[in-house]
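The following exercises concern the open and enclosed spaces of one protein model, one of its helices and one pair of its strands. Please attempt each task before reading the solution.

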Amino acid sequence: MIPRLIIIGAGISGLTAGVYAAKSGFRTLILEKCATPGGVSTCWKRKGYTFEGGVHWLTGSGDHLPLNKVWREAGALKENNPVYNKDPFFVLETPSGELPLWRDPGKMYRTLLEHAPEDRRPIRQLKRHIRWFKYFHSPVTDIPGLERSVPKPWSPMEFIRMFPALLLAPWLWAISVGDYVSRFRNKDLKDLLGSIMNPGHNALSFIVTVSSFCYGDSGYPSGGSLLMARNMEETFRRCGGEIRYNTPVERIVEEDGKVKGAMAGGDLIESDAVLVSVDARNAIDRLFSPTLTDRWALKMRRRLRTGQCMFIGFGVRADLRELPKSMVFPLGKPFEAGGLSFNTLNIHNYAMDGYAPEGCTTLTVLLLGDSYSYWKAAREDGSYYDRKQDVVQRLCRMVEELIPSVKGLIEVTDMATPMTVERFCGNHQGGYMTLWQKHTLTPVAPLRYRKGIYFAGLRTSLSGGLPIAVSTGRKVVQYICRDFGLPFGGY
Ligand SMILES: Cc1cc2nc3c(=O)[nH]c(=O)nc-3n(C[C@H](O)[C@H](O)[C@H](O)COP(=O)(O)OP(=O)(O)OC[C@H]3O[C@@H](n4cnc5c(N)ncnc54)[C@H](O)[C@@H]3O)c2cc1C
């Protein structure tokens, strides 16, 4: 009898696991609470404008990387969504001109040095750090004792070349992005480098990210998040998988220590195994009865810090193709929103085909930081919509000031808060990642909990994000294959 696997959640991790499980011969059913695939990695439309609320850069998009093979096998990257590499990948816009961050590390070094000769030392160090991480990438490894139907080539050189990065990693892990950036004296450099990611992450994630831009990775799949997820859904169905939308799972059902299936809409859907690819932090409280009390689960309840953001989108009746794709504006006066204060504003420019009506442009702003409790309180005291409206209106005025060519031309606005993410995807505190702080190991759920119950995606690895979703989605199927005696049917 072919074993039946239920996957809870059609986010990127659930879809990846679905493809690999179906390829490995399981009867695979994905149950998804929302009406679309992709989870938090998604786009949506407002009056003809498409807002990209998910992927901004895709680790593993570079086709020289092993992870790229996984993205392609999972169906995420196809002919209909070629990878586009923004260059420069960020541009600081100041009254005295532009300061670009080029992908070419030599060109980046020269540009930064010319702009801030007083920072020669930290700039040289940045260049060196980036170079040391040149060969660092997410390795695509197998679990011990795996039987495979397709042999996978393996090269020890892949790991040997990562050695310099491993030497530097402990030092970078012990300081935050904020600490790293504070070593620069020039304010423009601080603003530009400090705006790439949440300054609360450790500097290791920062250098890995910047280095990936510099060495041919972290491009943007054209068409965006939703097309990428739909491509994966199509691959999953082609491999024989089934997916049911608008089907929230209420509980995992076990009897005498054996999995029976999942309860959805009051009905038991039977299966031999269940993979939880929803936010594990919520799953341990909501999907298990009794709730999980293993050591890792207790740690997760106590110590998890989620990475959250506010998202604001603008539809503009102007073609802004001439402007850079990702602009960083230093602000004269901090912008206050969601109980947080921002000294710079990152504006992403989607003046490309398919994102806006002819001659128009979609702009988006991400305000990174922990604003969940602010918005939750606003929801409880009834001021949520007024407060959102206030943020949107003030931001509109600010965008018009920063980019005068859009003045009077913003015709559509939209805003999502961590409450929106919580409502749609059920993620803990509306978080889309885990904040991987300096000097800490974040609590994670095991991929194999026990035979029949598995985890993948958010909260199963240090920080999260798309590379973790795809790699844990692949690896967890290896555990399932090993437990059920089926050969793994993928790369
Ligand atoms: C604005 C934004 C920008 C981002 N930019 C990037 C980026 O540039 N690069 C990057 O690497 N990462 C980025 N991320 C992070 C990345 O998108 C996520 O970390 C990743 O998509 C998480 O995937 P997942 O499958 O683990 O979880 P999720 O996407 O959370 O998927 C879980 C799925 O389970 C469903 N679900 C929940 N509960 C149930 C239930 N009870 N029953 C059935 N279904 C359920 C949810 O609806 C959801 O579809 C970004 C995220 C956001 C929000």
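**Exercise 1.** In this predicted model, state which residues line the second largest pocket and which elements supply them.

*Solution.* Step 1: list the lining. Pro-330, Leu-331, Gly-332, Lys-333, Pro-334, Phe-335 and Glu-336 belong to it, together with Arg-394, Arg-397, Met-398, Glu-401 and Leu-402.
Step 2: assign the residues to elements. Two or more lining residues come from each of β16 (326–337) and α14 (384–402). The largest share, seven residues, is that of β16.
Step 3: sort by class. The lining of this pocket comprises six nonpolar, one polar and five charged residues.
Step 4: give the volume. The second largest pocket holds about 240 Å³ of space.

**Exercise 2.** Determine how many cavities of 30 Å³ or more are counted, and describe the lining of each.

*Solution.* Step 1: count. Two cavities of 30 Å³ or more are found.
Step 2: describe the largest cavity. Its volume is about 80 Å³. The residues around the largest cavity are Val-55, His-56, Tyr-84, Lys-86, Tyr-220, Lys-325, Ser-326, His-348, Asn-349, Tyr-350 and Met-352. Strand β17 (residues 340–350) gives the largest share of this lining, three residues. By class, five residues of the lining are nonpolar, four polar and two charged.
Step 3: describe the second largest cavity. Its volume is about 30 Å³, and its lining consists of Pro-66, Val-140, Lys-152, Pro-153, Trp-154, Ser-155, Glu-158 and Tyr-491. Of these residues, five are nonpolar, one is polar and two are charged.

**Exercise 3.** Identify the buried residues of helix α6 and explain why they line one face of the helix.

*Solution.* Step 1: select the buried residues, for which the relative accessible area is under 20%. In helix α6 (residues 163–173) these are Ala-165, Leu-168, Ala-169 and Leu-172.
Step 2: look down the helix axis. The buried residues of α6 lie within an arc of 135°, and therefore they line one face of the helix.
Step 3: find what covers them. The covering elements include α4 (120–132), α7 (177–181) and α9 (203–214).

**Exercise 4.** Is the pairing of strands β6 and β7 parallel or antiparallel, and how many residues join them?

*Solution.* Step 1: establish the direction. Strand β6 (residues 90–94) pairs with strand β7 (residues 97–101) in the antiparallel sense, over five bridges.
Step 2: name one bridge. Val-91 has Pro-100 in β7 as its bridge partner.
Step 3: examine the connection. β6 is joined to β7 by a hairpin through two residues.

Methods. Residues numbered from 1 in each chain as written. Predicted model: local features only at pLDDT ≥ 70, side-chain atom pairs only at ≥ 80, totals over all residues. Heavy atoms only, no water. 1 Å grid on protein atoms, 1.4 Å probe; cavity = no way out; pocket = protein on both sides within 12 Å on 5 of 7 lines; lining within 4 Å. Points joined across faces, edges and corners; volume = space filled by probe spheres on them. Helix = DSSP H or I, 4+ residues; strand = E, 2+ residues; numbered from the N terminus. Nonpolar A, V, L, I, M, F, W, Y, C, P; charged D, E, K, R; others polar. Buried < 20%, exposed > 50% of the residue type's maximum accessible area, 1.4 Å probe, protein only. Arc of directions from axis to C-beta. Contact = heavy atoms within 4.5 Å. Pairing = 2+ DSSP bridges.
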